[in-house]
Amino acid sequence: MTGSIQTLPTEVVNLIAAGEVIDSLAAVVRELVENALDAGATRIAVAVWFDLWRVRVADNGTGMDLTDLQKAASAHSTSKIKSRDDLYKITSLGFRGEALHSIAALAELEICSRQTGFEGWRCTYNTQGEAEETEAVAIAPGTVVTVSNLFGKWRLRRQGLPSRSQQQRIIQATIQNIALCHPSVTWQVQQSDRSWFTISPGKTTQQIIPQLLKQVRVHDLQQLTLDVPTPEEGSAGEIREFTYNSTPKTRHGASLHLVLGLPDRCHRRRPDWVKVATNGRLVRSPELEQTILTAMAKTLPRDRYPICFIHLQICPSQIDWNRHPAKAEIYLHSLSYWQEQISQAIEQALRIGAENFDTASQSHRVGKLLTASAKKGVYHLDESPKQERNPSDIGLIELKAVAQVRNMYILAEHDTGMWLIEQHIAHERVLYEQLCDRWQLVPLEPPVILNYLTPVQLEQLQRIGLEIEPFGDQLWAVRNAPALLHQRDDCADALLELSLGGDLQNAQVATACRSAIRNGTPLTLEQMQTLLNQWKMTRHPRTCPHGRPIYLPLEESALARFFRRHWVIGKSHGI
Ligand code: ADP
Ligand code: MG
């Protein structure tokens with residue numbers, strides 16, 4: 001922490017959103033924990049006693065000297081900003097200098113603090129936040145804040161609070177959400193003197209999520225960190241990276257960290273794990289959350305939601321934290337720019353994830369081949385997005401269909417190896433992109449009759465553009481259908497499927513899937529070649545609209561290594 005605590009000038013105070021911040025025990029936990037993080041703590045111990053309306057947060061951060069300790073709970077007193085200009089350069093979680101002051105007014109406040117190499121002090125405060133008793137104490141470097149008897153003199157405030165079990169859940173979620181944004185911190189949480197939960201530190205949020213969601217394992221998640229330019233020319237100020245526990249780095253630009261549950265491995269019933277954080281704090285941003293949902297929609301089963309955590313590290317001048325007293329909402333400049341960055345990052349992570357899954361699920365023999373060659377660096381299991389072959393590159397490869405295997409795979413050769421392409425999903429990708437480019441509805445003559453449609457189903461069919469009208473008791477006539485479906489024998493089934501949910505995009509995926517060549521269908525070489533030519537020219541030839549990989553590449557160089565060709569040649573030459 002730089003500098004010591006000062007009272008903010010009135011002109012700055014007037015610019016800061018005023019509002020009640022301390023409305024519950026959870027709010028106390030949040031404010032104290034944020035102070036600990038601002039003080040550079042790497043270990044934070046939280047203890048809650050519901051019966052006593054008490055919270056204690058102990059940290060191993062920088063601590064305060066005696067002068068600061070005595071000022072810590074005065075009104076508008078902070079060490080984090082000094083002037084009006086600093087409001088545009090906020091790199092700490094706190095900056096209003098109000099939390100401890102409000103707490104002192106609503107509860108009994110005691111703080112013990114010690115800076116490394118100095119004596120430790122204990123201080124209590126009156127309801128104005130002025131230091132009352134001060135004495136020397138022997139404690140480890142860091143700070144221990146104890147808040148007791150919250151709302152003791154404001155009994156009405158206690159009545160409006162949720163039930164104890166709900167408060168427990170809120171406190172747990174508060175700590176977990178902060179932990180997601182600060183993965184290198186160790187958390188120990190107690191309730192009524194008994195261990196409640198702990199969170200071990202990780203290199204990134206990828207190691208934290210499985211500790212919070214027991215059914216998720218580290219390798220069910222794909223992570224990606226991208227450096228992104230700060231939007232608007234010339235506005236790229238300096239930003240301090242929120243790596244609290246290492247020396248803060250200063251650099252230009254912004255970064256986007258994404259941790260994504262691979263859609264074929266984990267998803268949820270509710271959108272409760274679609275989380276966005278900016279500069280060290282989880283925020284509610286309906287717009288960015290919607291961007292995530294849209295980007296993932298085509299990869300998940302119907303009515304399931306992704307696990308997705310996005311952390312934007314943005315130049316502080318791009319964020320206005322003053323929208324919400326608890327800073328749970330923000331104004332983000334250039335919102336659509338960030339939406340675009342998020343969509344692209346998710347698409348990239350899905351591609352990498354699909355490829356990793358590809359290799360993980362191969363038979364042992366193929367798996368060995370790929371790992372062996374990956375190690376030698378011949379065949380890249382593209383871990384890093386930079387090595388990722390640009391999808392359009394696939395379009396440049398001359399692929400020649402040479403055989404169909406098990407009526408399911410097309411074996412294709414090219415200059416430097418061979419690929420296995422799954423016929424159904426390759427075709428699905430082709431049809432899906434065609435449908436996106438041209439969603440054509442053609443008249444159905446005679447109409448298809450459907451029965452027992454619920455109002456929701458009816459609405460859904462109308463939403464995707466179908467003409468539909470009552471045809472009798474519980475009967476409806478559908479008068480048009482997507483061009484791909486209208487001549488199929490199972491047109492009625494397909495229409496029913498479309499009625500079951502989703503937007504136009506969902507309908508396009510479902511239609512593509514239903515219309516694509518089934519596995520088990522024999523194909524001629526010519527048919528296979530046509531499919532290959534169409535598929536490699538698609539915009540995203542790597543995965544199907546559900547995110548599954550479409551092809552397995554076996555490069556000649558990797559095969560040569562697998563068959564130890566160099567070794568045989570060596571032996572036969574007596575080397
Ligand atoms: P703010 O965080 O907005 O500055 P607070 O009322 O939360 O306001 O805290 C006031 C000041 O007390 C902080 O600016 C900081 O200097 C000091 N402080 C509070 N908690 C801690 C802590 N855990 N470790 C070190 N200093 C602290
Ligand atoms: Mg604070």
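Let us start where two helices touch: Val28, Glu31, Leu32 and Asn35 in H2 meet Ala99, Leu100 and Ile103 in H4, where contact means heavy atoms within 4.5 Å. Sorted by class, this contact of H2 with H4 has five nonpolar, one polar and one charged residues. Here Ala, Val, Leu, Ile, Met, Phe, Trp, Tyr, Cys and Pro count as nonpolar, Asp, Glu, Lys and Arg as charged, and the others, Gly among them, as polar.

A word on what you are looking at: this is a predicted model, in which local features need pLDDT of at least 70 and side-chain atom pairs count only at pLDDT 80 or more, while totals for chains, interfaces and linings use all residues. Residues are numbered from 1 along each chain as its sequence is written, chains are lettered from A and ligands numbered from 1 in the order in which they are written, and side-chain values use heavy atoms, with hydrogens and water left out.

Now step back to the whole protein chain, whose secondary structure comes to 18 helices and 26 strands. Helices (H or I, at least four residues) and strands (E, at least two) are DSSP runs, numbered from the N terminus. Of the 575 residues, 49% count as buried; buried means under 20% relative accessible area, exposed over 50%, and partly exposed in between (1.4 Å probe, protein chains only). Among contacts between residues at least 6 apart in sequence, 70% join residues at least 24 apart.

Back to the opening pair. H2 and H4 pack at an angle of about 140°, with their axes 10 Å apart. That makes H2 oblique to H4. Axes are lines fitted to C-alpha atoms, for helices over the stretch in contact, and angles run from 0 to 180 degrees between N-to-C directions. Angles under 35 degrees count as roughly parallel, over 145 as roughly antiparallel, 65 to 115 as roughly perpendicular and the rest as oblique.

Helix H4 (residues 99-106) is mostly covered, with seven of its eight residues buried; among them are Ala99, His101 and Leu106. The buried residues of H4 pack against several elements, including helix H2 (25-38), strand S5 (108-114) and helix H5 (155-159).

Another helix pair lies further along the sequence. Helix H12 (residues 423-437) and helix H16 (residues 525-536) pack at an angle of about 55°, with axes 9 Å apart, and are therefore oblique to each other. On the H12 side, Gln423, Ala426, His427, Arg429, Val430 and Gln434 meet Leu531, Gln534 and Trp535 in H16. This contact has four nonpolar, four polar and one charged residues.

Next, visit Gln457, found in helix H13 (residues 455-463). Gln457 is buried, with a relative accessible area of 12%. Its side chain joins that of Ser499 in a polar contact of 3.0 Å. A polar contact is a pair of N or O atoms within 3.5 Å; within protein, one must be able to donate a hydrogen and the other to accept it, and residues adjacent in sequence count only if both atoms are side-chain atoms.

Finally, some backbone details. Most residues other than glycine have a negative phi, and most peptide bonds are trans. Phe151, in the loop between S8 and H5, has a positive phi near 60°, and is buried with a relative accessible area of 0%. Gln474 also has a phi near 60°, but is partly exposed at 37% relative accessible area. A cis peptide bond, with omega about 0°, joins Glu445 and Pro446.
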